[in-house]
Amino acid sequence: MADVRVQAEVRDLTRIERIGAHSHIRGLGLDDALEARKVSQGMVGQNRARKAAGVILQMIKEGKIAGRAVLLAGQPGTGKTAIAMGMAKALGEETPFAMMASSEIFSLEMSKTEALTQAFRKAIGVRIKEETEIIEGEVVEVEIDRPEAGNVAKSGKLTLKTTEMETIYDLGQKMIESLQKEKVTAGDIVTIDKASGRIAKLGRSFARSRDYDAMGPQTKFVQCPEGELQKRKEVVHVVTLHEIDVINSRTQGFLALFSGDTGEIRPEVREQIDTKVAEWREEGKAEIVPGVLFIDEVHMLDIECFSFLNRALENDMAPILVVATNRGITKIRGTQYRSPHGIPIDLLDRLLIISTEPYSEKEIRMILDIRCEEEDVEMTEDAKELLTKIGHETSLRYAIQLITAAAIVCQRRKGAEVDIEDIGKVYSIFVDVKRSTQFLIEYQEQYMFNELPGGLGDAAAAEQMEA
């Protein structure tokens, strides 16, 4: 493995928009002074926690500090994952942000330390710069000759222009197929990579903006390029260290990324890649982009994983580690010792701890307003007040889950807006944790394997089954 291979694959995927638990989050909602706005970018409340996350974000963007770790600690439903998602959105697409749940480590067909190593390397990007020759211009005309005989290759001509010149290019079979695949027509601004022949459509020319009466929202208009058609352009690719690892450790190369079967990667491969990346950095061809690794439910990790994290955070190439937990003083998994958040004291000492607080009734109302808008549900003020009260007395998550259910009940009665009666109906159909627990306490004797005092217990239940 003399040369480290890097494959930059551009994928044109149709986006599937689904409404998720945190799909309304657009960022942390901070101003330039890192002060939290009241309601911004889908974030409400948690001002201190958001401001602290903003400081961490600034550290990440500067990229000078490696191996820092942050703990988001708070009760369930206080916005820990929302803050992590806000950080991911605020960082942008170029900064790697890897997310995982602690329990994933135990379900993978590899060692725990290998799974954590791969997660760490997914959160470290390499920005690779290279110069390439491209042809960029506005399509004047596309001529494709389609011979009657099916076995004869197609041929054609492509006329491109800039503000200063116009040139005709002969087209071969592959270029014709690429043009047809990209649906290139006269008036499009395109770039053609001379080395690979890849065609990218930048948009429509402003001169052709009146060609059609109606245009789709995805249509983008750009100016006709200036200067010569052929030019040298610096292309920047951002790939993660893990992607480079997979490409160089598998015979099928970058295709292993899509199959998902990455398996364990040998330490020798990683060492060679690290050496090569260090050379690229010295030559100015590449730079490291430290990202973020977010581990949710960190209390599910065991003592071995915590020991590994302690060592991994000391590495120069370590990303910023953000972990979250909703546990209090509890046992460290794999030991009999109790510790705050179920994390060993030596690792806790390395963490910057950000605590989240329960939402007030006013903040719950603001969050419900945002969720109603996100889920496209029209709701009366009275219904929102009732839902806010339910959220305050039970939990915010329960109240949010009732929004869509109430909207469906409203549709069944052919109503225009969700009203109090719809909220009341779904509240009676779907019970919250408190009412479910109360029901279990009242009818515990009718359930199997009950462990509460006064219940049948395992022995009595077993006797009943035998009888």
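## Helix packing and sheet order in a predicted model

Ile 364, Ile 367, Leu 368, Arg 371 and Cys 372 of H11 are in contact with Leu 396, Ala 399, Ile 400 and Ile 403 of H13, where contact means heavy atoms within 4.5 Å. By class, this contact of H11 with H13 holds 8 nonpolar, no polar and 1 charged residues. Here Ala, Val, Leu, Ile, Met, Phe, Trp, Tyr, Cys and Pro count as nonpolar, Asp, Glu, Lys and Arg as charged, and the others, Gly among them, as polar.

The model is predicted, local features need pLDDT of at least 70, side-chain atom pairs count only at pLDDT 80 or more, and totals for chains, interfaces and linings use all residues. Residues are numbered from 1 along each chain as its sequence is written, and side-chain values use heavy atoms, with hydrogens and water left out. Helices (H or I, at least four residues) and strands (E, at least two) are DSSP runs, numbered from the N terminus.

The axes of H11 (residues 361–374) and H13 (residues 396–412) come within 10 Å and cross at roughly 30 degrees. Axes are lines fitted to C-alpha atoms, for helices over the stretch in contact, and angles run from 0 to 180 degrees between N-to-C directions. H11 and H13 are therefore roughly parallel to each other; angles under 35 degrees count as roughly parallel, over 145 as roughly antiparallel, 65 to 115 as roughly perpendicular and the rest as oblique. The crossing of H11 and H13 is right-handed, a term used if the near helix is turned clockwise from the far one by less than a right angle (left-handed if anticlockwise).

Thr 388 lies in helix H12 (residues 381–393). With neighbours within four places in sequence left aside, Thr 388 is in contact with Glu 361, Ile 364, Arg 365 and Leu 368.

A second helix pair is formed by H1 (residues 47–62) and H2 (residues 80–91), whose axes come within 10 Å and cross at roughly 35 degrees. The crossing of H1 and H2 is right-handed. On the H1 side, Ala 49, Arg 50, Ala 53, Ile 56, Leu 57, Ile 60 and Lys 61 meet Ile 83, Met 87, Ala 90 and Leu 91 of H2. The residues of this contact divide into 9 nonpolar, no polar and 2 charged.

An open sheet is formed by 5 strands with parallel pairing, in the order S4-S13-S14-S3-S17; two strands pair if DSSP finds at least two bridges between them. Its edge strands, each pairing on one side only, are S4 (97–101) and S17 (351–355). From one strand to the next, the twist averages 20 degrees. S3 (residues 69–73) pairs with S17 in the parallel sense over 5 bridges, and Leu 71 stands opposite Ile 353 in S17. H1 packs on this sheet, touching S3, S13 (292–296), S14 (320–325) and S17, and the direction of H1 makes about 145 degrees with that of S17.

Two residues other than glycine have a positive phi: Leu 34, near 60 degrees, and His 341, near 65 degrees. The table gives their places and accessibility together with those of Thr 388. Buried means under 20% relative accessible area, exposed over 50% and partly exposed in between (1.4 Å probe, protein chains only).

| Residue | Place | Relative accessibility |
|---|---|---|
| Thr 388 | helix H12 (residues 381–393) | 3%, buried |
| Leu 34 | segment before strand S1 (39–40) | 22%, partly exposed |
| His 341 | loop between strand S16 (338–340) and helix H10 (345–348) | 17%, buried |
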